[in-house]
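Q: I would like to go through this model and ask, for each descriptive term, what value and what criterion stand behind it.

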Amino acid sequence: MKIQESDAKSLLLARGLPVPAWTVARTPAAARQAAEAILAGGEDKVVIKALVLVGGRGKAGGVKLAGSADEAEQVADAILGMNIKGITVQKVLVAAAADIVKEFYLAAVLDRKSQRIILMGSAEGGMDIEEVAATRPEAIIREAAHPHLGLLPWQARRLVFGMGLGAHLKDAVRIATGLVETMLVNDADLVEINPLAIIREAGPDGSPVERLVCLDAKVTLDDSALGRHPDLAGMRDLDEEDPTDRIAREQGISFIKLDGNIGCMVNGAGLAMTTMDLVKQAGGAPANFLDIGGGARSDKVAAAMALILSDPKVEAILVNIFGGIARGDEVARGLVEARKEQARSVPMVVRIVGTNAEAAAQILQAEKVATAASLDEAVSMAVAAARASAGGAA
Amino acid sequence: MSILVGRETRLVVQGITGREGEFHARAMQAYGTNIVAGVTPGKGGSMALDGTVPVYDTVAEAVAQAGANTSIIFVPAAGATDAVMEAALSGIATIFCIAEHIPALDMLKAVEVVRRAGATLVGPNCPGATTPGQAKVGIIPGSIHLPGRVGVVSRSGTLTYEAVQAMTDAGLGQSTCLGIGGDPIIGTTHLDALKLFAADPDTDAIVMIGEIGGTAEEEAAAWAAEHMAHMPKVAFIAGRTAPEGKRMGHAGAIISGGSGTAASKTAALEAAGFRVALSPTQLPKLLREAGYKG
């Protein structure tokens with residue numbers, strides 16, 4: 001689960017890491033108020049950032065500076081409601097604009113290949129790190145934390161010296177260690193600071209001092225661990241969650257909407273992807289990815305059917321179930337019940353094999369549902385049904 | 001014994017008295033798997049599966065008293081990694097973990113313990129393994145198999161069944177069918193599985209089934225190019241039409257930044273001498289074209 005920058009920063013603060021203060025505003029007036037307070041504290045400028053869970057908000061115009069309360073209100077008004085990669089901006093983060101001396105990149109990631117938590121650091125901060133990794137891999141320093149011991153102090157020091165942060169050794173080591181702690185304490189898969197920055201600010205006597213701070217933060221949480229972190233589950237951003245996505249999540253169905261007209265209901269992620277691939281290969285277009293999961297009880301089948309039909313573009317439904325844990329007859333009964341209650345009638349092709357497939361076939365035939373024996377046959381029937389259905393509608 | 005499971009398997013079922021555990025233990029026993037023990041803490045001394053299998057409180061007792069050498073874990077996610085580590089540190093050589101939704105950081109720790117103990121873990125979130133005609137350890141439907149000499153390894157569950165069914169329908173039997181699971185942190189990778197098959201005198205050809213995301217298939221392919229050059233090899237990759245940045249059910253199946261795409265995997269597999277099918281039903285035909293005579 002992705003969380004917003006403001007929530008990610010709260011998790012870093014909770015580990016005692018240096019994060020400049022911020023305010024979240026949902027209206028231009030609230031942004032103005034936050035800016036006034038910051039400017040009254042002696043700052044020259046504020047930064048206003050769109051809070052969205054997609055990357056590239058800076059390029060999309062979702063990050064802007066303002067030098068006065070009036071300007072802050074105008075900038076917030078422009079950003080709020082802006083569409084960034086399909087997401088409407090509903091809130092902004094307001095903070096003092098930092099006087100940046102140098103930017104770095106630092107992240108803790110769960111690496112499946114090495115089966116370790118890897119700390120990745122680079123003196124090339126603020127950039128797209130994937131591009132740095134591709135073009136100048138030597139510019140990225142890596143340290144692997146032991147699964148049981150964590151990141152050891154000498155590893156953190158080696159990383160920090162490698163990044164050229166020796167002048168801020170103590171703070172940088174604390175931040176590096178803190179990222180791994182943030183990951184372990186919250187069951188995160190990714191904790192990324194980009195940029196980690198040396199900023200210039202006024203010291204206690206008014207003369208400028210340099211300090212290392214986390215200017216941005218991105219955290220992704222492990223969905224499988226949310227059950228033991230009720231406090232983190234509350235960080236799910238419901239503003240950005242599509243209603244169908246919410247229903248799917250609550251039902252334990254894995255659902256991703258696509259652009260086509262053939263609704264797919266499949267058990268198992270790999271088979272669901274394969275079914276989509278074969279639909280496309282046969283000249284059709286899948287309307288969704290839908291993995292109904294193990295078990296596939298009849299109420300889940302009904303919920304899956306409702307999800308598929310909530311997309312008005314759907315003109316045919318393809319059901320592909322290979323029974324193992326899932327029992328074919330239960331799925332068939334669920335389909336028949338769901339079909340009786342569905343709002344609109346769409347041609348459906350069903351293929352059920354494996355556990356209790358014969359009983360499933362009897363149920364479906366009694367209800368005159370179109371069935372197919374092989375996957376290839378089911379796909380071509382569904383593609384033909386969608387064509388006929390689209391032709392009839394035109 | 002083909003790989004990982006076979007006639008030598010002496011299985012302990014951890015969680016044998018639970019709903020899933022009992023249901024699948026019966027199916028495994030009916031297939032002919034030698035289930036020597038069950039473990040449910042607090043139910044030691046009782047008998048499971050109609051009085052045929054003794055239940056112990058600990059895995060250590062199952063090893064000492066029943067001679068268990070392989071374990072399958074039907075414990076739910078919250079206790080699954082504890083069960084994995086108990087098995088590894090009680091002398092079990094091969095451990096299968098079926099549960100899904102195990103936190104990745106828990107699995108990271110468990111995998112390290114298993115490795116230190118010198119044991120092999122398959123899974124989590126996997127359907128297990130079947131050596132047709134000998135033993136089934138997991139939840140793959142027994143009816144889809146045919147004994148033979150093709151090794152099958154896959155990240156998926158039901159997609160594996162689809163591929164195995166296609167092979168059986170075409171008369172191509174399997175040495176062992178292994179589902180390694182779709183989670184980010186798993187005990188046995190595609191590469192590990194290929195190494196086992198390469199060393200197995202009962203395996204003459206390979207079917208590898210992968211998915212978008214990560215680079216596990218590419219790593220396995222690179223190894224196979226060097227060490228399994230003369231063995232007929234075919235593959236299938238699911239997710240050719242999946243959009244970038246969307247997680248397709250399996251925690252592993254996500255394309256990011258252009259890596260882990262079906263195109264990049266297909267290219268790596270073909271370069272390594274695999275024939276790559278566009279549908280699971282094409283696998284038998286491609287295997288024949290690759291020179292498999294079995």
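Q: What share of the 294 residues of chain B count as buried, and what makes a residue buried?
A: In this predicted model, 62% of the 294 residues of chain B count as buried. A residue is placed in that class if 20 or more other C-beta atoms lie within 10 Å of its own.

Q: Why is chain B called as compact as a globular protein of its length?
A: The radius of gyration of chain B is 19 Å, and the globule rule gives 19 Å for 294 residues, so the two values are close and the description follows. Along the principal axes, the C-alpha trace of chain B spans about 55 × 40 × 30 Å, and the chain holds 9 helices and 14 strands.

Q: What share of the contacts in chain B between residues at least 6 apart in sequence join residues at least 24 apart?
A: The share is 71%, where a contact requires C-beta atoms within 7 Å.

Q: Into which domains is chain B divided, and how many residues does each give to the contact?
A: Chain B is divided into domain 1 (11-122) and domain 2 (140-289), whose centres, taken over C-alpha atoms, are separated by 27 Å. Domain 1 of chain B gives 10 residues to the contact and domain 2 of chain B gives 7 residues.

Q: Which elements of chain B give two or more residues to the side of domain 1 that touches domain 2, and what is the character of that side?
A: They are α1 (19-31), α4 (104-117) and β7 (120-122) of chain B, with the largest share, 5 residues, coming from α4(B). The residues of that side of domain 1 of chain B divide into 9 nonpolar, 1 polar and no charged.

Notes. Residues numbered from 1 in each chain as written. Chains lettered and ligands numbered in written order. Predicted model: local features only at pLDDT ≥ 70, side-chain atom pairs only at ≥ 80, totals over all residues. Helix = DSSP H or I, 4+ residues; strand = E, 2+ residues; numbered from the N terminus. Rg over C-alpha atoms; globule rule 2.2 N^0.38 Å. Buried ≥ 20, exposed ≤ 12 C-beta atoms within 10 Å, placed from the backbone. Contact = placed C-beta atoms within 7 Å. Domains from an automatic or database assignment. Nonpolar A, V, L, I, M, F, W, Y, C, P; charged D, E, K, R; others polar.
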